[in-house]
Amino acid sequence: MSIIKNDFEKQNITKIKDSKNNKKLTMITAYDALFAKLFEEVADMILVGDSLNMSFAGQSDTLSATLDQMIYHTKAVCKGAPSSFVILDMPFGSYINKNEALQNSIKVYRETSAAAVKIEGGEDRADIIEHLTKNSIAVMGHIGLMPQYVRSEGGYKVRGKTQEDINQLVNDAIAVEKAGAFAIVLEGVKTQAAIEITKAVNIPVIGIGAGNVTDGQVLVWSDMLGFFEDFKPKFVRHYMKGAELVKNAVNEYRSDVQNSSFPSKEEEY
Ligand code: KIV
């Protein structure tokens, strides 16, 4: 009984929703048990983002991520951070219509202990989100710059540069909220757009590249810890020089191996 009560208290969607206008939410991505455990105490939500296809699988975009790949990583994250509110990012092609989306979300719930799934799309995908939420799947929306649209849009384009586009984004957010989503990721938009979108809905809006005006922030862990060196998007802050630290440590290890100072007598059996 106590296990059931604890699990419910920890993975509580109501707490996330109630944060709107009360507390800024901190979300971070994780793809494995090791890092998920490090983030567990601090993050309000852990997102198993399909960005793992780029940072872990070395691909140039997120589009080739598969549902099985996402499930594998989500299982690891849930194992490492059992008390966290974990969200699985539904990969490209896994929610092309209402039925596919529901079958695939049920597979996620059956095979992982993720609390929710995330879906990219606004007004155009509201019917899919509604079908999921009506069937007891917790859904986080994702609007603005949507990485799964990169090939069809011809690149990553910052949104909300015109009032017309801001109005579209506001309509997207309202449609996603009406469809029953508990929160929305808002990516790559001008700050004025983020202000209007955040005000337009009663659910938390979690920004990434959307200024500090949203109800919370999300960052990809390998970006914020400075492990990803190829380029630094404008919105990323490096809280650590991860790549430099790792390279220095590995160099030190190699020197120690080469000069036989590792292992020492204390490190022997
Ligand atoms: O895949 C991901 O990591 C994401 C975040 C950028 C929000 O969707």
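**Reading a barrel and its ligand**

Reader: I see a ligand in there. Which residues are around the ligand?

Author: Before we start, keep in mind that this is a predicted model. The residues around the ligand are Thr29, Leu47, Gly49, Asp50, Ser51, Asp89, Lys118, His142, Val185, Glu187, Ile208 and Val220.

Reader: How does that shell divide into nonpolar, polar and charged residues?

Author: Evenly: four are nonpolar, four polar and four charged.

Reader: Which polar side-chain atoms should I look at, and how far are they from an oxygen atom of the ligand?

Author: To read a polar contact, look for N or O atoms that pair up within 3.5 Å. Here, Ser51 places a polar side-chain atom 2.6 Å from a ligand oxygen. For Asp89 the distance from such an atom to a ligand oxygen is 3.1 Å, and for Lys118 it is also 3.1 Å.

Reader: And how much of the ligand does the protein bury?

Author: On its own the ligand would expose 260 Å², and the protein buries 95% of that.

Reader: Okay, now the strands. What do they form, and how are they paired?

Author: Follow them from β1 through β2, β3, β4, β5, β6 and β7 to β8: these eight strands make a closed barrel with parallel pairing. Neighbouring strands of this sheet are turned by 25° against each other on average, ignoring direction.

Reader: Could we zoom in on one pair? How many bridges join β4 to β5?

Author: Four bridges link β4, residues 116-120, with β5, residues 139-144, and the two run parallel. Within that pair, Glu120 sits opposite His142 of β5. You've met His142 already, as one of the residues around the ligand.

Reader: Which helix packs on the sheet there, touching β4 and β5?

Author: That's α7, residues 126-134, and its direction makes about 170° with that of β4.

Reader: What about the backbone? Which peptide bond is cis, and which residue has a positive phi although it is not a glycine?

Author: The general idea first: most peptide bonds are trans, and most residues other than glycine have a negative phi. In this model, the bond from Phe262 to Pro263 is cis, with omega near -5°. Pro263 lies in the segment after α12 (242-258). The positive phi belongs to Asn21, at about 65°. You'll find Asn21 in the loop between α2 (13-18) and β1 (25-29).

Note on methods:
Residues are numbered from 1 along each chain as its sequence is written. This is a predicted model: local features need pLDDT of at least 70, side-chain atom pairs count only at pLDDT 80 or more; totals for chains, interfaces and linings use all residues. Side-chain values use heavy atoms; hydrogens and water are left out. Two strands pair if DSSP finds at least two bridges between them. Axes are lines fitted to C-alpha atoms, for helices over the stretch in contact, and angles run from 0 to 180 degrees between N-to-C directions. Contact means heavy atoms within 4.5 Å. A residue is near a molecule or strand if one of its heavy atoms lies within 4 Å of it. A polar contact is a pair of N or O atoms within 3.5 Å; within protein, one must be able to donate a hydrogen and the other to accept it, and residues adjacent in sequence count only if both atoms are side-chain atoms. Accessible areas come from the Shrake-Rupley method with a 1.4 Å probe; for residues, only the protein chains shown count as cover. Ala, Val, Leu, Ile, Met, Phe, Trp, Tyr, Cys and Pro count as nonpolar, Asp, Glu, Lys and Arg as charged, and the others, Gly among them, as polar.
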